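Student: I would like a close look at a single part of this structure, the lining of its largest cavity. Please then go on to the pockets and to the rest of the chain.

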Amino acid sequence: MISVSSVSMRYGSKVLFDEVTATFTSARRYGLTGPNGAGKSTFMKLLTGELDPQKGSVVRPKKFGVLRQDQFAFDAFRVVDTVIMGNKRLWDALQERDALYEKADMTDADGMRLGELEGVVGEEDGYSAESDAAVLLQGLDIPDALHERTMGELQGGQKVRVLLAQALFGNPTALLLDEPTNHLDLDSIHWLEDFLNRYEGALIVISHDRHFLNNVCTHTADIDYQTIITYTGGYDEMVLAKTQVRSRIESENAQREKKIAQLQDFIARFSAGTRASQVSSRRKEVERLETTALARSNIERPYIRFNQKRPSGKMAVEFKGLAKGYGDHQVLKPFDSIVNRGDRIVIVGRNGVGKSTLLKAILADGPDCDQTPGDRDAGTLRWGHEVSVGYFPQDATGIISKGMQAVEWLHQFDPEAGRQDIHGLLGQMLFKGEEGYKPTEALSGGETARLLFCRIMLLKPNVLVLDEPTNHLDLESINALNIALQKYEGTVFLVTHDQDLLEEVGTRVWHLDGSGAVRDFKGPHEEFVAEHGQ
């Protein structure tokens, strides 16, 4: 069990939460929700002990697992050792035991200490530690061949999965996971969901994956109105309950205000007359009926709408023999396809099989794209009539020039657009007022993503190529993107691990199985899964 009592945190004039008291009990799985900047990561750091509350107290169990965000902290250690470090008591005992065994001359005291350490190792299941760690790593798609490698030899996505295994190792009585699905493919996400649903301790998880929260969480702790309110159920149930509560309070307030207006009208009419006692009683009733002040929600919803300057021809793109490899590794075997206007293609497969490589091969000499012919080894490609492309890359590093303001960077893509139009577009994506003048080098990951969407909306292309567009978006922004893509009448190529986007946006599936081949399924993702079991 984890509990917080009268906890408050503020930064300058901004109050994140004030006098919060909450308990997180075993056998319950809590989603910690709230928009970017609401204080989710700050609250998580209070729970782990990385931060001390400015006021109040936190009680946590002796044994809890934490998903570490520093991918480079364990670069010198073996992968399997990094996982075992998740049980600090066991790891410390193993290190001390090994150091004693290496001593040339062991004293009686050393022998006694060894006995104590072997007892700790036994209590913590240390004799099966490496095999237990291997099971976790295999479940998270880290093959046996990597278990003896150092963390420094792994790719970023693989490191995240090892750190997730570290948090899960040793049967902790509480788990604190901050964005555990980042960099995980769908198979790994499903494995994690199954694992967490069997977990018997107290789970607190931050995630921007609505489908994951709905599948895993029994409760939702929502940060809003400068407090934390716990609702029963997953994310969708929380949103419904929260909306109903606020609607009820607003309705009650409207009724009270109507009654107060009637009483004040009576007071104004008769305060100078002979009905003093009635006026006095009505004044008291007005005081009793004073409406409950509604705190302002800190949830901000962006407005995303993808329009087209003009539609493309009936055929958006046709290619034959599209291929790409690196050295002897054929990432993409020759692939033929015709993509028609209005197709919404979702590209799926395990991490590292070549989804981004496929998109880059298509765009190697695409309209409105930087020419990168090296991204395609072979194949002929023909774009349809008046096709224009809007591209959202997985890695936005270098895409947004530094040394500019956000409004200046955006305006350069349509110099004829009025400043008011540019600021209106920025406002839709939550760059309000002076935030539009923010230096581009100071943009957060979420702000960078929203500014890239501003550019796409400004240019109004008829083909969208989106490579992991949700990585830095909060739930409100992901929901807005989902709705916008469903309403978009142009053509979409989408790589994402967000299951709601896959199921609700896609009308066609390209599946990469790791052999270099691409399976083209003409139907929605749910039908593809039902037919192929992917």
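**The cavity lining and its surroundings**

Tutor: With three residues, α15 is the element that gives the most to the lining of the largest cavity. This is a predicted model, and what follows is computed from its atoms. The helix α15 covers residues 475-487, and α16, which covers 499-505, is also among the elements that supply at least two residues of this lining. The full lining consists of Arg 210, Ile 478, Asn 479, Asn 482, Asp 498, Asp 500 and Leu 501. Ile 478, Asn 479 and Asn 482 fall within the range of α15, and Asp 500 and Leu 501 fall within that of α16. By class, the cavity is lined by two nonpolar, two polar and three charged residues. The nonpolar ones are Ile 478 and Leu 501, the polar ones Asn 479 and Asn 482, and the charged ones Arg 210, Asp 498 and Asp 500. The volume of this cavity is about 30 Å³, and one cavity of 30 Å³ or more is counted.

Open space is a separate matter from the cavity. The largest pocket has a volume of about 1400 Å³. It is lined by 44 residues, and those closest to its centre are Asn 36, Gly 37, Ser 41, His 208 and His 472. Two or more residues of this lining come from each of β2 (14-24), α1 (40-48), α6 (156-168), β6 (174-178) and α14 (445-459). Sorted by class, the lining has twelve nonpolar, 17 polar and 15 charged residues.

The second largest pocket holds about 1100 Å³ of space. Of its 41 lining residues, Asn 351, Gly 352, Gln 394, Glu 468 and His 497 are the closest to the centre. At least two residues each come from α6, β10 (315-326), β11 (329-340) and α11 (355-362). The lining divides into ten nonpolar, 19 polar and twelve charged residues. The helix α6 is thus named for the largest pocket and again for the second largest.

Among the elements at the largest pocket, α1 can be followed in detail. Ser 41, one of the residues closest to the centre of that pocket, falls within the range of α1. This helix is mostly covered, with seven of its nine residues buried. The buried ones are Lys 40, Thr 42, Phe 43, Met 44, Leu 46, Leu 47 and Thr 48. Just after α1 comes Gly 49, with a positive phi of about 95°.

Next, the salt bridges, of which the structure holds 30. One of them pairs Arg 78 with Glu 148, where the closest N and O atoms are 2.5 Å apart. Arg 78 sits in the loop between β5 (64-66) and α2 (79-84) and Glu 148 in the loop between α5 (129-139) and α6, so the bridge ties together parts that are 70 residues apart in sequence. Arg 78 has a relative accessibility of 24% and therefore counts as partly exposed, since that class lies between 20% and 50%.

Arg 89 pairs with Glu 123, with 3.1 Å between the closest N and O atoms. This bridge links distant parts of the chain, 34 residues apart: Arg 89 belongs to helix α3 (88-101) and Glu 123 to helix α4 (108-123). Arg 89 is partly exposed at 41% relative accessibility, while Glu 123 is exposed, with a relative accessible area of 57%.

A further bridge joins the side chains of Lys 242 and Asp 224, at 2.8 Å from N to O. Because Lys 242 lies in helix α9 (235-270) and Asp 224 in strand β8 (219-224), this pair ties together parts that are 18 residues apart in sequence. Both Lys 242 and Asp 224 are buried. Elsewhere, Lys 63, Arg 89, Glu 123 and Glu 124 are joined into one network by salt bridges that share partners.

The setting for these parts is a chain with 17 helices and 18 strands. Its C-alpha trace spans about 100 × 80 × 50 Å along the principal axes. Of the 534 residues in the chain, 50% are buried. Among contacts with a separation of 6 or more, 67% are between residues 24 or more positions apart. The accessible surface comes to about 25700 Å², and carbon and sulfur atoms account for 47% of it.

Terms used
Residues numbered from 1 in each chain as written. Heavy atoms only, no water. 1 Å grid on protein atoms, 1.4 Å probe; cavity = no way out; pocket = protein on both sides within 12 Å on 5 of 7 lines; lining within 4 Å. Points joined across faces, edges and corners; volume = space filled by probe spheres on them. Helix = DSSP H or I, 4+ residues; strand = E, 2+ residues; numbered from the N terminus. Buried < 20%, exposed > 50% of the residue type's maximum accessible area, 1.4 Å probe, protein only. Contact = heavy atoms within 4.5 Å. Areas by Shrake-Rupley, 256 points an atom, 1.4 Å probe, with all protein chains shown as cover. Salt bridge = Lys/Arg side-chain N within 4 Å of Asp/Glu carboxyl O.
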